[in-house]
Amino acid sequence: MTEKVARRGSRLLIIACGALAHEITALRRANGWDKVDVSCLPAELHNRPEKIPAAVRALIRSARERYDSIFVAYGDCGTGGLLDGVLREEGVERIPGAHCYEFFATSLTFTALAEAEPGTFYLTDFLLRHFDRLVIRGLGLDRHPELNSMYFGNYRKLVYLAQAPKPGSEEQARAIAARMGLEFEIRQTGYGTLGTTLVGAVARHGARGSDALHGGAQPDGGRQDRARRGEEVVEWVR
């Protein structure tokens, strides 16, 4: 579903990876950001990261006349610095970090995890929900299971970075780890620096809205559930 086109005037557009849609929607609602709109690009772009910079640029340019400010909720996400080059040219900032695993876990924690075991496969709530679609079918493993060792042969561990897990999520993540033959670990991260960075961006751009909570708020479980049922605040770009 798509929110109505925003009228110009103190509005902020957050351009986000589709893998962050639920979390950003929940933060928007919890903080009363009624002057903030969200446009999400498909999470499948992570399988072709070279396409991310052009897709983000196109969305920035198509939105400029409707918004006073634009913020990008993407890490580098495997673009090798190309996304940052686009954002410098367009004069738009993004959330710091290489990928969502880093800003969910926080940089210090993610660095420690990566140094402890470089061969780690990471799951988030989103990737857990869509594992078969994005990983198994997305990488063609349903059709060519012999590729499994090529993709994952050097992994030793699976770490589930949980934002707001549903009942049974840990068991589902453990089953994926067992399926891949990997050691399992779970970390309850919440929204990490995604929340604090977006709170700061909204404040800098003057788009808090009349009901915003100064200092920012993380959504509770009820608000998260309502956000998941209310995706009308997100525009999906296909």
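Arg48 has a relative accessible area of 42% and is therefore partly exposed, on a scale where buried is under 20%, exposed is over 50% and partly exposed lies in between (1.4 Å probe, protein chains only). The structure is a predicted model in which local features need pLDDT of at least 70 and side-chain atom pairs pLDDT 80 or more, while totals for chains, interfaces and linings use all residues. Residues are numbered from 1 along each chain as its sequence is written, and side-chain values use heavy atoms, without hydrogens and water.

**Exercise on charged pairs**

Task: With which side chain does Arg48 meet in a salt bridge, and which parts does the pair of Asp84 and Arg94 tie together?

Solution:
- Apply the criterion: a side-chain nitrogen of Lys or Arg within 4 Å of a carboxyl oxygen of Asp or Glu. The structure has 15 such salt bridges.
- Take Arg48. Its partner is Glu50, at 2.5 Å from N to O. Glu50 is partly exposed, because its relative accessibility is 44%.
- Take Asp84 and Arg94. Their side chains form a salt bridge at 2.6 Å, N to O. Asp84 belongs to helix H3 (residues 82-90) and Arg94 to strand S4 (residues 93-94), so the bridge joins parts 10 residues apart in sequence. Helices (H or I, at least four residues) and strands (E, at least two) are DSSP runs numbered from the N terminus.
- Compare the burial of the two ends. Asp84 is partly exposed at 25% relative accessibility, whereas Arg94 is buried at 17%.
- Take Glu170 and Arg174. Their closest N and O atoms are 3.1 Å apart. Both lie in helix H9 (residues 169-180), and because they are 4 residues apart, about one helical turn separates them. Glu170, at 29%, is partly exposed; Arg174, at 45%, is also partly exposed.
- Look for a network. Salt bridges link Arg57, Arg61, Arg64, Glu89 and Glu90.

**Exercise on aromatic rings**

Task: How many aromatic pairs does a search of the whole structure find, and which residues do ring pairs link into a cluster?

Solution:
- Set the rule: rings of Phe, Tyr and Trp (its six-membered ring) pair if their centres lie within 6.5 Å, with planes under 30 degrees apart stacked, over 60 edge-to-face and the rest tilted. The whole structure yields 8 aromatic pairs.
- Examine Phe121 with Phe131. The centres are 6.3 Å apart with 80° between the planes, an edge-to-face pair. Phe121 sits in strand S5 and Phe131 in helix H7, so the contact ties parts 10 residues apart in sequence. Phe121 and Phe131 are buried.
- Examine Phe121 with Phe152. This pair is edge-to-face too, at 5.6 Å centre to centre and 85° between the planes. It links strand S5, which holds Phe121, to helix H8, which holds Phe152, across 31 residues. Phe152 is buried, as is Phe121.
- Assemble the cluster. Ring pairs connect Phe121, Phe131, Tyr151, Phe152 and Tyr155.

**Exercise on cysteines**

Task: Which cysteine sulfur is nearest to that of Cys77, and is Cys100 buried or exposed?

Solution:
- Use the cut-off of two cysteine sulfur atoms within 2.5 Å for a disulfide. The count is 0 disulfides.
- Check Cys77. The nearest cysteine sulfur belongs to Cys17 and is 6.0 Å away, and Cys77 is in no disulfide. With 12% relative accessibility, Cys77 is buried.
- Check Cys100. The nearest cysteine sulfur is that of Cys77, at 6.6 Å, and Cys100 is in no disulfide. At 16% relative accessibility, Cys100 is buried.
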